[in-house]
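Biologist: I would like to go through this model one part at a time. Please start with the ligand site and then move on to the fold.

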Amino acid sequence: MNIVETESKYTSGVSSKRPLAIVRGKGAHVWDDRGREYIDCVGGQGTANVGHANPFVAEAIAEQARTLISLTEIFYNDKRAAIEEKLVAISPNHANRVYLCNSGAEAIESAIKLARYSTGRTGILAFMRGFHGRTMGALSATWEPKYREPFVPLVPGFSHVPYDNLDKAREAITDQTAGVIVEVVQGEGGVRPGSREFLLGLQQICRERGAMLIVDEVQTGFARTGEMFASEHYGLEADFACVAKSIAGGLPMGAVLIGERVKKLEPMIHGSTFGGNPLACAAAVAAIGFIERENLAGRAAELGEYMIGRLQRIESPMIREVRGLGLMIGVELKQKVTPSLMALMERGVLALPAGLNVLRLLPPLVIKKSDLDAVADQIEYVLNDTHESN
Ligand SMILES: Cc1ncc(COP(=O)(O)O)c(C=O)c1O
């Protein structure tokens, strides 16, 4: 079977695909169907923090698959109890409850609903360049017009103000605001860390005005930025922390970590058939255990600082800025990023865009320093090569 041809024929078409079929992974490396090896700085778009084919996660999944795969939340379960207890224990916001679901967008969707439920208000404030997912509620919080416009009318009650501008947020948060939804580091929007003053200021205004602060840790969670959650860099304690991506070692799962200001949630107001299924819960217990045992947060902090420094020393007129937090790294270019991504792929490195002109790296956190050196060398080569050929 020609994988690319077959998928091209039958896929919905909504993904922008690269002409490469990846069939295997190990740690921070993946292989295509011809056996060619790549250093993977796409990392499943941030879902592969513990590395591809992590043996502890694989074993937990296999064991749980032989024991019990599906069980809805109308019954209790050992693996679900374990992951709920763990998520509360590591929550950055002193959460006292957890809602389990299946993806980032679903976690966001849930927090939006629960913020409205808890406050009895309807307004949701979000930020320009923010990305929160593509279901109707999450899309209403997402800023990028290209994602939104084909689907209007979206959910009423949403507005956007500039990111990292506390004055504009202060003007926009009123006694009708149910929730304020923010990324600690904007991911899709260009790898932009928020300032301490902005994030803690939002928290204070929300508390003063009775609005719920919803922190989107979908991309920044599970050690990516050098702490278990990016909120910890600032002591940020949101009312809802939405997590997903790497929570379960690459299996689909999401969660909302619910703080004590959120009112009691009554049975049946929200739910999901697959949410909290034992298979995903067992994978999450194993993945989080691995992140803690291997101190992947410390590793991301150290390697991230090293890599950002390494990239900042690249001399290329094509680079506008290198920024990031931990191993969530963006190289803002003075040109469109797609040709550089394609050239990197040719040279054995897979990387992501963030918007039109930012090259984004989200490698598995188990990546070796020597691999990061190789990635930096290839980025330098490709940027200078592009420059010469222009
Ligand atoms: C910050 C952020 N929030 C939400 C989402 C949506 O997550 P999912 O694709 O799992 O629905 C993403 C996905 O990239 C994200 O980066």
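**The ligand and its surroundings**

Modeller: This is a predicted model. Around the ligand stand Ser103, Gly104, Ala105, Phe131, His132, Gly133, Glu183, Glu188, Asp216, Val218, Gln219 and Lys245.

Biologist: How do the residues of the shell around the ligand divide into nonpolar, polar and charged?

Modeller: The shell includes Phe131 and Val218 as well as Glu183 and Lys245. Glycine counts as polar here. On that basis, the shell divides into 3 nonpolar, 5 polar and 4 charged residues.

Biologist: Which side chain has a polar atom 2.8 Å from an oxygen atom of the ligand?

Modeller: Gly104 has a backbone N or O atom 2.8 Å from a ligand oxygen. For Ala105, a polar backbone atom is 2.8 Å from an oxygen atom of the ligand. Those two contacts use backbone atoms. The side chain with a polar atom 2.8 Å from a ligand oxygen is that of Gln219.

Biologist: How much of the ligand's accessible area does the protein cover?

Modeller: On its own, the ligand has 390 Å² of accessible area. The part of that area covered by the protein is 81%.

**Two sheets**

Biologist: Which strands are at the edges of the open sheet with the order 13-14-17-16?

Modeller: This sheet has 4 strands, and their pairing is antiparallel. Strand 14 (residues 328–333) pairs with strand 17 (residues 358–361) over 4 bridges, and Ile329 stands opposite Leu361 of strand 17. An edge strand pairs on one side only, and the two that do so are strand 13 (319–325) and strand 16 (352–353).

Biologist: Which helix runs at about 175° to strand 13?

Modeller: Helix 12 (residues 338–346) packs on the sheet and touches strand 14, strand 16 and strand 17. The direction of helix 12 makes about 40° with that of strand 17. Another helix lies across strand 13, strand 14 and strand 17, and the one at about 175° to strand 13 is helix 11 (residues 296–312).

Biologist: In the sheet with the order 1-2-3-15, which residue stands opposite Leu350?

Modeller: This open sheet of 4 strands has mixed pairing, with strand 1 (22–26) and strand 15 (349–350) at its edges. Strand 3 (residues 37–40) and strand 15 run parallel and are joined by 2 bridges. Opposite Leu350 in strand 15 stands Asp40.

**Single residues**

Biologist: Which backbone oxygen lies 2.9 Å from a polar atom of the His160 side chain?

Modeller: His160 is in strand 6 (residues 158–161). Beyond its neighbours within four places in sequence, His160 contacts residues including Phe127, Ala141, Thr142, Trp143 and Arg148. The backbone oxygen of Thr142 lies 3.4 Å from a polar atom of that side chain. The backbone oxygen at 2.9 Å is that of Ala141.

Biologist: Which residues does a cis peptide bond join?

Modeller: Most peptide bonds are trans. The bond in question has omega of about 0°, and its proline is in the loop between helix 7 (145–148) and strand 6. The residues joined are Val152 and Pro153.

Biologist: Which residue has a positive phi although it is not a glycine?

Modeller: Most residues other than glycine have a negative phi. In the loop between strand 10 (212–216) and strand 11 (240–243) is Phe222. The residue with a positive phi of about 60° is that one, Phe222.

Terms used:
Residues are numbered from 1 along each chain as its sequence is written. This is a predicted model: local features need pLDDT of at least 70, side-chain atom pairs count only at pLDDT 80 or more; totals for chains, interfaces and linings use all residues. Side-chain values use heavy atoms; hydrogens and water are left out. Two strands pair if DSSP finds at least two bridges between them. Contact means heavy atoms within 4.5 Å. Axes are lines fitted to C-alpha atoms, for helices over the stretch in contact, and angles run from 0 to 180 degrees between N-to-C directions. A residue is near a molecule or strand if one of its heavy atoms lies within 4 Å of it. A polar contact is a pair of N or O atoms within 3.5 Å; within protein, one must be able to donate a hydrogen and the other to accept it, and residues adjacent in sequence count only if both atoms are side-chain atoms. Accessible areas come from the Shrake-Rupley method with a 1.4 Å probe; for residues, only the protein chains shown count as cover.
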